[in-house]
Amino acid sequence: MQTRLTKKIVSDAIKTLKQQGSYPSIEKIWNITRGSKEIIKQLKQEIENTVTRSANIQRNTLETKINIQINLDGDGKSNFKTGIPFLEHMLEQVAKHGIIDLDIQAKGDLHIDGHHTVEDIGIALGQAFQQALGDKKGICRYGHAYVPLDESLSRVVLDFSGRPGLEFHVDFPRASIGNFETDLFHEFFQGFVNHALVTLHIDNLRGQNSHHIAESIFKAFGRAIRMAIDLEPRILNSIPSTKGSL
Ligand SMILES: [Mn+2]
């Protein structure tokens, strides 16, 4: 009974704070609710997920076991253990330039090759975004970025449209970067798109060095995400679609 009452107080407090246009800290909610420590502790995850747009995804198959923690309102921290260093170098760009906290632990069948692990990380990351964004109320929805890296220039345009769609226009001069096969980038983004339900256009406009090409794409991807998931304070309670849902 007490739990239910506290839950209601907490949810009312979150609603009020959202209407004011600010996403409060747990401490602030604590002060408002004045609930008991134990009850608040139980609700902490729920509250955190509501106010900080975070998600925890576990995806286990016979080929891969993946655990992703994401906080879209983080500060760009990242932590990876995937067994694929070049992918980690790329995902670090997404966290840093998307200003999201990202923790990915993956155990895949790398004795075969990187294919399943890379694709499944894309899938799980897509699921994490889909879950963390929830009903997408208040988000800017569209994002785009041009990012250069020396001779390379890439453009990423995306829409959290609720529909999967990938346009991937990238030619890598090399088949591999280190031991990372460059055709896996397409698999990664296809997995992401299918599960984040986004429309994603990726174009490498020029470039000669495959490492630069990949890195400019992932940096632009991070920047475009940052723009799209940013909250517009004037529409915090509305879904940015004339259809009424995304
Ligand atoms: Mn680099």
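How are H5 and H6 oriented relative to each other? The answer comes after a walk through the two sheets of this predicted model, since each of these helices packs on a sheet.

Strands come before helices here. Strands of a sheet pair through backbone hydrogen bonds, either parallel or antiparallel. One open sheet has 4 strands in the order S1-S2-S4-S3, and its pairing is mixed. Strand S1 (54-60) and strand S3 (78-81) are the edge strands, and each of them pairs on one side only. Direction ignored, neighbouring strands of this sheet are turned by 0° against each other on average. Strand S2 (residues 64-71) pairs with S1 in the antiparallel sense, over 7 bridges. To find this pairing in the structure, look for Ala55, whose bridge partner in S2 is Ile70. Helix H5 (residues 115-133) packs on this sheet, where it touches S1, S2 and strand S4 (101-108). The direction of H5 makes about 145° with that of S1.

The other open sheet to look at also has mixed pairing, with 4 strands in the order S5-S6-S10-S7. Strand S5 (142-149) and strand S7 (165-169) stand at its edges; each has a single partner strand, so one side of each is left without a neighbour in the sheet. From one strand to the next, the twist averages 10°. Inside this sheet, strand S6 (residues 152-159) and strand S10 (residues 199-206) run antiparallel and are joined by 7 bridges. Arg155 is a useful marker, with Asp203 as its bridge partner in S10. Helix H6 (residues 184-196) packs on the sheet and touches S7 and S10, its direction making about 160° with that of S7. Helix H7 (residues 210-229) lies across S5, S6 and S10, and runs at about 150° to S5.

Now return to the two helices of the opening question. Two packed helices are described by the angle between their axes and the distance between the axes. For H5 and H6, the axes come within 7 Å and cross at roughly 30°. An angle under 35 degrees counts as roughly parallel, and H5 and H6 are therefore roughly parallel to each other. The crossing of H5 past H6 is right-handed. Residues of H5 in this contact include Ile121, Leu125 and Phe129, and those of H6 include Phe188, Phe192 and Val193. The residues of the contact of H5 with H6 comprise 11 nonpolar, 9 polar and 3 charged ones.

Notes. Residues numbered from 1 in each chain as written. Predicted model: local features only at pLDDT ≥ 70, side-chain atom pairs only at ≥ 80, totals over all residues. Pairing = 2+ DSSP bridges. Helix = DSSP H or I, 4+ residues; strand = E, 2+ residues; numbered from the N terminus. Axes fitted to C-alpha atoms, helices over the stretch in contact; angles between N-to-C directions. Contact = placed C-beta atoms within 7 Å. Parallel < 35°, antiparallel > 145°, perpendicular 65-115°, else oblique. Left-handed = near helix turned anticlockwise from the far one by under 90°. Nonpolar A, V, L, I, M, F, W, Y, C, P; charged D, E, K, R; others polar.
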